[in-house]
Amino acid sequence: VLEKAEQLAKTYDSYIKYIKLSPMYISILSNSMQNLLNESRKALLEHEKGKELMYNEQHSTFGNTDNLFIANEFEIYWTDVTGLECKSMIDRIIIDHENKKVVLIDLKTTSHLPDFKDKFTEYKYYRQMSFYWMAIQWYFKNTLKDKRFDEYVKETYVVAISTKDPTEVKVFEITERTLVNGLVEIIPLFELLSWHFKED
C-alpha cells in the first residue's frame, strides 16, 4: 500500500503542489477566461476613449509625481458624516493636480452591452459612483489637505465591456444630475445604517 501511495504521490506531484499553494492565489485562470481577458484588452486598445481612460501611455509612472496621481483598484477607508466607517475600491482614478481635474473610471463587464444604459439604472450603479465621489471628497479633505476639492473638475466614466462575442467596448459619461440622484438615494441609507450600528 505504501509503495502504491508513493507512486501516486510521485505521479500527481505537480497537482499536490498546486493544491498546497492554491490558498495563496485568488483564482486560476481557465483558458476561456484568459481568452476573454485578452479579447477585452484588445477591444479596449482599439476603442479611442476606452484606451485614453484605461491606459496611461503618455505617463509611465503610477502615483509618484507631484502633479499626477494614477491608481487602479484604489482603496479609500473613510468615515461619513454620520460616523459610519466605509471602504471604497475605485477601479481607476486619475488626479491631475496641474490641470485640476479628477477622473473616476469604473470598469464593468456585461452580457447585455446593447441594454447597458438600462442595466446601469436597474442595478443602481449611479449610487456606487456617488458613493465613490463621497470617498474621494473625504480623501481630499483628510489626505490632500493642501488641495481644494471644489476647485477640481470632476469627470465620471463607466467603461463597459461585453462578455459575449464579439467583444465590444462602450464608454458612458455619467452626468452630474445622475450622481446627485445617487446621493439623494444613499444619504438616507447612511443614516439608517448608522442608527442600526449605534443601537446595535
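**Exercise 1.** Which side chains meet in a salt bridge at 3.3 Å, N to O, within helix H5 (residues 116-122)?

*Solution.* In this predicted model, the pair consists of Lys119 and Glu122, whose side chains meet at 3.3 Å, N to O. As a next step, place the two residues in the chain: both belong to helix H5 (residues 116-122), where they are three residues apart, about one turn of the helix. Then consider accessibility, for which buried means under 20% relative accessible area: Lys119 has 17% and is therefore buried, whereas Glu122, at 49%, counts as partly exposed. This pair belongs to a structure that holds 11 salt bridges.

**Exercise 2.** Determine which parts of the chain are linked by the salt bridge between Glu185 and Arg127, and state how accessible Glu185 is.

*Solution.* Begin with the distance: the closest N and O atoms of Glu185 and Arg127 are 2.8 Å apart. Next, assign the elements, which shows that Glu185 lies in helix H7 (residues 176-199) and Arg127 in helix H6, so that the pair links distant parts of the chain, 58 residues apart. Finally, read the accessibilities: Glu185 is partly exposed at 27%, and Arg127 is partly exposed as well, with a relative accessible area of 24%.

**Exercise 3.** Describe how the five strands are arranged in the sheet, and identify the strands at its edges.

*Solution.* The order of the open sheet is S1-S2-S3-S4-S5, with mixed pairing. S1 and strand S5 (169-173) stand at the edges because each has a single partner strand, which leaves one side of each without a neighbour in the sheet. On average, and with direction ignored, neighbouring strands are turned by 35 degrees against each other. For the pairing of S1 with strand S2 (residues 85-96), one counts 11 bridges in the antiparallel sense, and Glu75 has Met89 in S2 as its bridge partner. Helix H6 packs on this sheet, touching S1, S2, strand S3 (101-110) and strand S4 (153-162), and its direction makes about 145 degrees with that of S3.

**Exercise 4.** Classify the aromatic pair formed by Trp78 and Phe131, and locate its two members.

*Solution.* A search of the whole structure finds 15 aromatic pairs. Trp78 and Phe131 form one that is tilted, with 5.2 Å from centre to centre and 55 degrees between the planes. Trp78 lies in strand S1 (residues 68-79) and Phe131 in helix H6 (residues 125-142), 53 residues apart, so this pair also links distant parts of the chain. Trp78 is buried, with a relative accessible area of 3%.

Definitions and conventions: Residues numbered from 1 in each chain as written. Predicted model: local features only at pLDDT ≥ 70, side-chain atom pairs only at ≥ 80, totals over all residues. Heavy atoms only, no water. Phe/Tyr/Trp six-rings, centres within 6.5 Å; stacked < 30°, edge-to-face > 60°. Helix = DSSP H or I, 4+ residues; strand = E, 2+ residues; numbered from the N terminus. Buried < 20%, exposed > 50% of the residue type's maximum accessible area, 1.4 Å probe, protein only. Pairing = 2+ DSSP bridges. Axes fitted to C-alpha atoms, helices over the stretch in contact; angles between N-to-C directions. Contact = heavy atoms within 4.5 Å. Salt bridge = Lys/Arg side-chain N within 4 Å of Asp/Glu carboxyl O.
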